[in-house]
Amino acid sequence: MPAVSLIRRTGLAVFIAAFGTLAFAQAQAQQVKPATASGYEPQSGQEGKDVVWVPTPQVLVDKMLDMAKVTPNDFVMDLGSGDGRTVITAAKRGARALGVEYNPDMVELSRRNALKEGVSGKASFVKADLFETDFSKASVITMFLLPDINIKLRPKILGLKPGTRIVSNSFTMGDWDADERATISTADGCTTSWCTALLWIVPARVAGTHKLPKGEVALKQEFQMLTGTLTTDGNTYALEGRVRGEDVSIKAGGREYRGKMNGQRLELR
């Protein structure tokens, strides 16, 4: 199949799938329960500002935080935090966590849930627009947003500190391939359509020419993937490589080199 035809068919399939998911969720939104004396009761599929709300299965929440290697040293931000389950789960692991949610009823529900779970000291929630929120202090960002929202947020995410971990429920970042992907089976406890976690590590910016003790490296960068040349001992070799946070690995001339981006300086060994 010609590449252009394949791209067109793939793009159409993604659009149809996303439209079908949204239409189904919007139909469910008509079944939203009103607030009761015991508090606000959200319904899966209810409409939000940018996406409909569908809760992430708890087993996948756990997997997403496992993949991000969340520790008490982390500051986790959940974009579109819904009922607060991801923030609360991160707080139970000792991390400071913040949920960003546009629906004020969801924000209040999340605060009550955090208090009930005994983590209100570490779990907090704000009513805010994702596109107007500062992510720069986060070491981990979690999300369950549609692909077009992810794409709009992508430049902001790529500008974060190298090594920041990004985890998404099911939806991609377009042509920025995930560093890791994991799907939880029905047998392992995920019984909905949303059982895949995708992890990205924000890469350092390494493109350019770098002088090294043994030669010179010229790098071109496409997200975390590298191409270019290594010149050493009078020879020039084509290279390919990868960036994971500040860690850099390249292969050239039958050898593998590993190192780190230290500020603006590339160090390889």
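These legends describe close-up views of a predicted model.

**View 1. The mixed sheet of seven strands.**
This open sheet has the strand order 3-2-1-4-5-7-6, and its pairing is mixed. Strand 3 (123-127) and strand 6 (180-183) are the edge strands, each of them paired on one side only. On average, neighbouring strands are turned by 20° against each other, with direction ignored.

**View 2. Strands 1 and 2 of the mixed sheet.**
Strand 1 (residues 75-79) pairs with strand 2 (residues 96-101) in the parallel sense. Five bridges hold the register of this pair. Leu79 stands opposite Val100 of strand 2. A cation also meets a ring here: Arg96 lies over the face of Phe75, 4.6 Å from the ring centre. Phe75 falls within the residue range of strand 1, and Arg96 within that of strand 2.

**View 3. Helix 4 and the strands beneath.**
Helix 4 (residues 104-116) lies across strand 2 and strand 3. Relative to strand 3, the helix runs at about 170°. Lys127 belongs to the range of strand 3 (123-127), an edge strand. The charged end of Lys127 sits over the ring of Tyr102, at 3.9 Å from its centre.

**View 4. The disulfide.**
How many disulfides does a search of the whole structure find? The search returns one. Cys190 and Cys195 form it, with their sulfur atoms 2.1 Å apart. The torsion about the S-S bond is about -90°, so the disulfide is left-handed. Are the two cysteines buried or exposed? Cys190 has 1% relative accessibility and therefore counts as buried. Cys195 has 8%, so this residue counts as buried too. The cut-off for buried is under 20% relative accessible area.

**View 5. The aromatic cluster.**
The count of aromatic pairs comes to five. In one of them, the ring centres of Phe171 and Trp194 lie 5.6 Å apart. Their planes meet at 50°, so the pair is tilted. Which parts of the chain does this pair tie together? Phe171 lies in the loop between strand 5 (165-169) and strand 6, while Trp194 lies in the loop between strand 6 and strand 7 (196-201). The pair therefore ties together parts that are 23 residues apart in sequence. Phe171 counts as buried because its relative accessibility is 15%. Trp194, at 17%, also counts as buried. Ring pairs link Phe144, Phe171 and Trp194 into a cluster.

**View 6. The antiparallel sheet of seven strands.**
A further open sheet runs in the order 8-9-10-11-12-13-14, with antiparallel pairing. Strand 8 (208-212) and strand 14 (265-268) stand at its edges. Each has a single partner strand, so one side of each is left without a neighbour in the sheet. From one strand to the next, the twist averages 30°.

**View 7. The hairpin of strands 8 and 9.**
Strand 8 and strand 9 form a hairpin, with two residues between them. Five bridges join strand 8 to strand 9 (residues 215-222), and the two run antiparallel. Gly208 stands opposite Leu219 of strand 9.

**View 8. Strands 12 and 13.**
How many bridges join strand 12 to strand 13? Six join them, and the strands run antiparallel. Strand 12 spans residues 247-252 and strand 13 spans residues 255-262. Ile250 has Tyr257 in strand 13 as its bridge partner.

Conventions. Residues are numbered from 1 along each chain as its sequence is written. This is a predicted model: local features need pLDDT of at least 70, side-chain atom pairs count only at pLDDT 80 or more; totals for chains, interfaces and linings use all residues. Side-chain values use heavy atoms; hydrogens and water are left out. Two strands pair if DSSP finds at least two bridges between them. Helices (H or I, at least four residues) and strands (E, at least two) are DSSP runs, numbered from the N terminus. Axes are lines fitted to C-alpha atoms, for helices over the stretch in contact, and angles run from 0 to 180 degrees between N-to-C directions. Contact means heavy atoms within 4.5 Å. A disulfide is a pair of cysteine sulfur atoms within 2.5 Å. Buried means under 20% relative accessible area, exposed over 50%, partly exposed in between (1.4 Å probe, protein chains only). Rings of Phe, Tyr and Trp (its six-membered ring) pair if their centres lie within 6.5 Å; planes under 30 degrees apart count as stacked, over 60 as edge-to-face and the rest as tilted. A charge sits over a ring if NZ of Lys or CZ of Arg is within 6 Å of the ring centre and within 35 degrees of the ring normal.
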